[in-house]
Amino acid sequence: LYLREVSSGMDMTQALQVVEAARYFSLPDLELEVVKRLALQIEDSKVCTVLEWAHAIGSSVLKAECMGYIERNFQQLLDTQQLKGLSSELLHEVLCLSGQMLTVAKRRRIISSGV
């Protein structure tokens, strides 16, 4: 039963499941509240997993949060190869988003090396 309160003790997996349930049951306020909390938990080691998940369930708000994080931390994520696990579709979106920071040669090198 949802009473407009969200547990503060959720881990990322539980929060992602709540977002999925909120979308399924058409509870946009719940989805937004949990996405706000997830956005505060996104870090280098989790951003690609959360982005893939948000993309798969169609959560545009959560996907935008992840893309914003990637844009702000792009070079660090690239240097540590955190982007390597992304699907080719999302990798393309990330490279387009970050295109202004990359030369054509660097984009080709990233794509050919699998990030």
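Reasoning from values to terms in a predicted helical model

User: What makes Arg37 partly exposed in this predicted model?

Analyst: Arg37 has 28% relative accessibility. Partly exposed covers the range between buried, under 20%, and exposed, over 50%, so Arg37 counts as partly exposed. Arg37 is found in helix α2, residues 28–41. Its C-alpha is 9.4 Å from that of Met10, and the two residues are 27 apart in sequence.

User: How do you know that Cys48 and Cys66 are in no disulfide?

Analyst: The sulfur of Cys66 is the nearest cysteine sulfur to that of Cys48, at 8.6 Å. A disulfide requires the two sulfur atoms to lie within 2.5 Å, and therefore this pair does not count as one. Seen from Cys66, the nearest cysteine sulfur is that of Cys48. A search of the whole structure finds 0 disulfides.

User: Why are Cys48 and Cys66 called buried?

Analyst: The relative accessibility of Cys48 is 10%, and that of Cys66 is 0%. Buried means under 20%, so the term applies to Cys48 and to Cys66.

User: Why is the pair of Tyr24 and Phe25 called edge-to-face?

Analyst: The ring centres of Tyr24 and Phe25 are 4.8 Å apart, and centres within 6.5 Å make a pair. The ring planes stand at 90°; an angle over 60 degrees counts as edge-to-face, so that is the name given to this pair. A search of the whole structure finds 1 aromatic pair. Tyr24 and Phe25 are both exposed.

User: What makes Ser59 a buried residue, and which residues does Ser59 touch?

Analyst: With a relative accessible area of 0%, Ser59 falls under the 20% limit and is therefore buried. Ser59 lies in the loop between α3 and α4. Leaving aside residues up to four places away in sequence, Ser59 touches Val19, Arg23, Glu31, Val35 and Ala54.

User: How do you know that the span of helix α4 is close to the expected value?

Analyst: Helix α4, residues 60–72, has 13 residues and reaches 18 Å from its first C-alpha to its last. At 1.5 Å a residue, 18 Å is expected, and the span of α4 is close to this value.

User: Which residues of α4 are buried, and what covers them?

Analyst: The buried residues of α4 are Leu62, Lys63, Cys66, Met67, Gly68, Tyr69 and Ile70. Their cover includes α1 (12–24), α2, α3 (47–57), α5 (74–79) and α6 (88–97).

User: Which residues have the most contacts inside the largest nonpolar core, and which element gives the most to this core?

Analyst: The largest nonpolar core has 31 residues, and those with the most contacts inside it are Leu38, Val47, Leu51, Ile70, Leu83, Leu86 and Val94. Two or more residues come from each of α1, α2, α3, α4, α5 and α6. Helix α3 gives the most, with 6 residues. Leu51 touches Lys63, Cys66, Met67, Ile70, Leu86, Leu90 and Val94, not counting residues up to four places away in sequence.

User: What pattern does the protein follow along the sequence, and how many helices and strands are there?

Analyst: The protein has 7 helices and 0 strands, and its pattern along the sequence is α-α-α-α-α-α-α. Of its 115 residues, 37% are buried. Among contacts with a separation of 6 or more, 67% are between residues 24 or more positions apart.

Key:
Residues numbered from 1 in each chain as written. Predicted model: local features only at pLDDT ≥ 70, side-chain atom pairs only at ≥ 80, totals over all residues. Heavy atoms only, no water. Phe/Tyr/Trp six-rings, centres within 6.5 Å; stacked < 30°, edge-to-face > 60°. Buried < 20%, exposed > 50% of the residue type's maximum accessible area, 1.4 Å probe, protein only. Helix = DSSP H or I, 4+ residues; strand = E, 2+ residues; numbered from the N terminus. Contact = heavy atoms within 4.5 Å. Expected span 1.5 Å × (residues − 1). Core = buried A, V, L, I, M, F, W, Y, C linked by side-chain atoms within 4.5 Å.
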